Amino acid sequence: QVQLVESGGGLVQAGGSLRLSCAASGRTFSRSAMAWFRQAPGKERHSVARINWSGANIYYADAVKGRFTISRDNAKNTVTLQMNSLKPEDTAVYYCAAQNVAGTRYDYWGQGTQVTVSS
C-alpha cells in the first residue's frame, strides 16, 4: 500500500518558520517528481513547490519564491518543505504529492497537514 505521510505543520507567528516533511512508503519515488500543494479555506488546491526526481529542476509559486525551499532525499524516500518568513496568507492545509511513473499527473497524495500563521 502506497502512503505519503506529512508532518511538521502547526501554529506559528508571522515571520516564523516551519519545516514540513513527507515520508513515502509502499514504493520508491526516486524516479518521480514530487510536490507540495496547499489549499486555503474556500480556495482551490494549487502547487507551491515542485521538484523533479533528481532535484535538478525546481519550481516555486511566485507567492512563496525566496521564502520556501523544497528538497528531497531519495535514499530515505522523503521530501521536505522549509518555510521561512511565514505570512498569514500562507495559512492552509499542505499536501505532499508524487507523480505516477509516466509523469503525467500526481496520483499519490498525503492526508495533509495544517499550517496556521497568526498575525
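Hi everyone. Let me start with a definition: a residue counts as buried when its relative accessible area is under 20%, and as exposed when that area is over 50%. Keep that in mind, because we will come back to the cut-off of under 20%. One more word before the tour: what I'm showing is a predicted model.

Let's begin with strand β3, residues 18-25. One face of β3 is covered, and L18, L20, C22 and A24 are on it. The uncovered face of β3 carries R19, S21, A23 and S25.

Who are the neighbours of β3? Strand β1, residues 3-7, pairs with β3 in the antiparallel sense, over five bridges. If you want a spot to click on, take S7, which stands opposite S21 in β3; S21 is one of the residues on the uncovered face. Then there is strand β8, residues 78-83, which runs antiparallel to β3 and is joined to it by six bridges. Here you can look at L20, whose bridge partner in β8 is L81. L20 belongs to the covered face of β3.

Now please turn to β4, β5 and β6. Strand β4, residues 34-39, pairs with strand β5, residues 46-51, in the antiparallel sense, again with five bridges. Within that pair, W36 has A49 of β5 as its bridge partner. β4 and β5 make a hairpin with six residues between them, and in the turn G42 has a positive phi of about 75°.

Moving along, β5 also meets strand β6, residues 58-60, through three bridges, and these two strands run antiparallel. The residue opposite R50 is Y59 in β6. β5 and β6 form a hairpin too, with six residues between them; the glycine to look for in this turn is G55, with a positive phi of about 90°.

So much for glycines. Which residue other than glycine has a positive phi near 60°? That is N77, and you'll find N77 in the loop between β7, residues 68-73, and β8. Is N77 buried or exposed? N77 has a relative accessible area of 12%, so it is buried.

S85 is another residue other than glycine with a positive phi, this time near 50°. S85 sits in the loop between β8 and β9, residues 92-99. With a relative accessible area of 42%, S85 is partly exposed.

That's my tour, thanks for listening, and I'm happy to go back to any of these spots.

Technical notes. Residues are numbered from 1 along each chain as its sequence is written. This is a predicted model: local features need pLDDT of at least 70, side-chain atom pairs count only at pLDDT 80 or more; totals for chains, interfaces and linings use all residues. Side-chain values use heavy atoms; hydrogens and water are left out. Buried means under 20% relative accessible area, exposed over 50%, partly exposed in between (1.4 Å probe, protein chains only). Helices (H or I, at least four residues) and strands (E, at least two) are DSSP runs, numbered from the N terminus. Two strands pair if DSSP finds at least two bridges between them.
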